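Biologist: Can you walk me through this one? I'd like to start with the charged side chains.

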Amino acid sequence: MPGGQDTDIERRDVAQGAGMAALARLGAVIEVVAQPIYTWLFGIATYGIYIVLWSAVNMAEKIVDLSLTEALQRVVPTQQEDAAHAAVRFALTVTVIPATLIALAVSLNAEAIAGLLSVAPEDAPRLPFIIALFAWALPLWTFIEVATAAARARRAFGPEIRLRIFWEQLVRLALAVALFFAGMTSIGLLVAHLLSLALVAILAVRLLGRYYDLRLLLTAPTTGALRGNLLGSGVALLPSAVTRRTLNDLPPVLLNVMLPGAQGATAAGLFGIARKVASIPLIVRQAFLYVLAPLSSAQAARDRKRIAPLYAFASRISAALVIPIGGLLILLGSDILSLFAPGAGAAIMMLTILVAARMGEAVIGPATPIVEMTGHRGWPLVNSLIGIGSWALLAILLTPSMGGEGMAIAVAVGAVAVAWAAVCELWFAERLHPFDGLFLRGLAAGLAGFAALAAIGWAVEPLGAPIRAAILIVTFLPLCWVTLRLGLDREDREALGRPARTAKLV
């Protein structure tokens, strides 16, 4: 496959890539559906420990990978074959080896680390073994993240679908249920997670083989200039990547550490539940984040001005889709939480706050990857300082008195602040922004969709919660059709390709 791409990027490329990436990210929906099962099988306190440990692995991975997952999106599309293969090998080498060493260190010091965490009394004796075992998720996850990033750098957005949806999520769910009924009522969820990652890592090797020559991957010469370019790009992007992980994964860890015993484990579990549900609107945003990173890098190398219509197009679709999706989750918040184990209803305010933040992030468009991929190396650090600073300040002020709700407010403000900072930077440096008349049309359609859902929910509330929930779910898809039909012009709808023609949007 050619290392460079010589054709200009059009809206259809963005739409097709985002559609495939969104399908891959549907694994997040399956993950949300699986969470109630996990809480019923293992309990919210044990589920909370799982959330804490997996959050710690996620944060460690993002630090260890030096943002080379993002740097590959910038470097690979601009290189010839030998250099592209060498870049991938270098990224795998400098990330997986340190991750393995960290896992070994954590395993050897598991008992000391266990003393830092709050758990239910019945889980305390097993905690050191759990930590020692689950530490090995770090090198597995690091390899998976770098390998799939290498595939995305080839504009291959679809192959993640089977990995992310079937092998990673459905197999994990099946293993967790099987291990629970086999008697692993305490560690079954963590073992299932580890086994599913091992399987996905094996399949990720095959994924690399589809888009790279594995022999060339082992032998392609790496130059000092290539290593410097890759590391320079990665380290420049590292602050923003770590910020996103911090805002997502550190809060449940802090809640666990701050509160004693089962209370800390339960608080982490409740925040984890709210975070998982709130991740559904993020599917649209992440689809465009995944796609616009390599596409922006490729387009910036030829004509930076042509990034503007791609940016605006992605923002319009996000506004028309994410607001109704988020609105549905807010309106059905209590119904969704009732599916979890008893006690999960306490997460309703956290869920509402985090969903509103995800809506705010998505509506203003994918400015962050465009900033990162168009050579502005200093800005990600500035954005990170803004996001982490606002989150830390509010967390210190609000969490002691408000608990999980205070932490959710802090996370929401930090996340939206990072997104808005990127929007402002693109405007001042490149005069790029998505806020034209067509954007306002998409925004108005999205808000109208939310208002219609709220009105329907209010009208049918006397019929009872189950009927109200069913009616809202049934009316949601037709309402999304209306928001896309009214919120996008014909050219935008035509860019959506076959799905738009199938749905009669054009």
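Modeller: Keep in mind that this is a predicted model. To start, Asp 123 is buried, with a relative accessible area of 6%.

Biologist: Which residue forms a salt bridge with Asp 123?

Modeller: Arg 126 does, with the closest N and O atoms 3.5 Å apart. Arg 126 counts as partly exposed because its relative accessibility is 35%, which falls between the 20% and 50% cut-offs.

Biologist: How many salt bridges are there by this rule?

Modeller: The count is ten. One of them joins Glu 361 and Arg 358, at 2.7 Å from N to O. Those two are three residues apart in helix H17 (residues 348-363), about one turn of the helix.

Biologist: Is Arg 358 buried or exposed?

Modeller: Arg 358 counts as buried, at 16% relative accessibility. Glu 361 is buried too, at 7%.

Biologist: What about networks, which residues are linked in one?

Modeller: Salt bridges link Lys 62, Asp 65, Glu 70 and Arg 244 in a network.

Biologist: Switching to pockets. What volume does the second largest pocket have?

Modeller: About 450 Å³. Its lining has 21 residues, and those closest to the centre are Leu 53, Ala 56, Val 57, Ala 60 and Val 106.

Biologist: Which helix gives the most to that lining?

Modeller: H3, with eight residues. By class, the lining has 21 nonpolar residues, no polar ones and no charged ones.

Biologist: And on the surface, which residues make a nonpolar patch?

Modeller: Leu 104, Leu 108 and Trp 136 make one of about 300 Å². Trp 136 sits in the loop between helix H7 (127-134) and helix H8 (137-152), and is partly exposed at 31% relative accessible area.

Note on methods. Residues numbered from 1 in each chain as written. Predicted model: local features only at pLDDT ≥ 70, side-chain atom pairs only at ≥ 80, totals over all residues. Heavy atoms only, no water. Patch = residues over 30% accessible without salt bridge, like charges linked within 9 Å, V, L, I, M, F, W, Y side chains within 5 Å. Areas by Shrake-Rupley, 256 points an atom, 1.4 Å probe, with all protein chains shown as cover. Salt bridge = Lys/Arg side-chain N within 4 Å of Asp/Glu carboxyl O. Helix = DSSP H or I, 4+ residues; strand = E, 2+ residues; numbered from the N terminus. Buried < 20%, exposed > 50% of the residue type's maximum accessible area, 1.4 Å probe, protein only. 1 Å grid on protein atoms, 1.4 Å probe; cavity = no way out; pocket = protein on both sides within 12 Å on 5 of 7 lines; lining within 4 Å. Points joined across faces, edges and corners; volume = space filled by probe spheres on them. Nonpolar A, V, L, I, M, F, W, Y, C, P; charged D, E, K, R; others polar.
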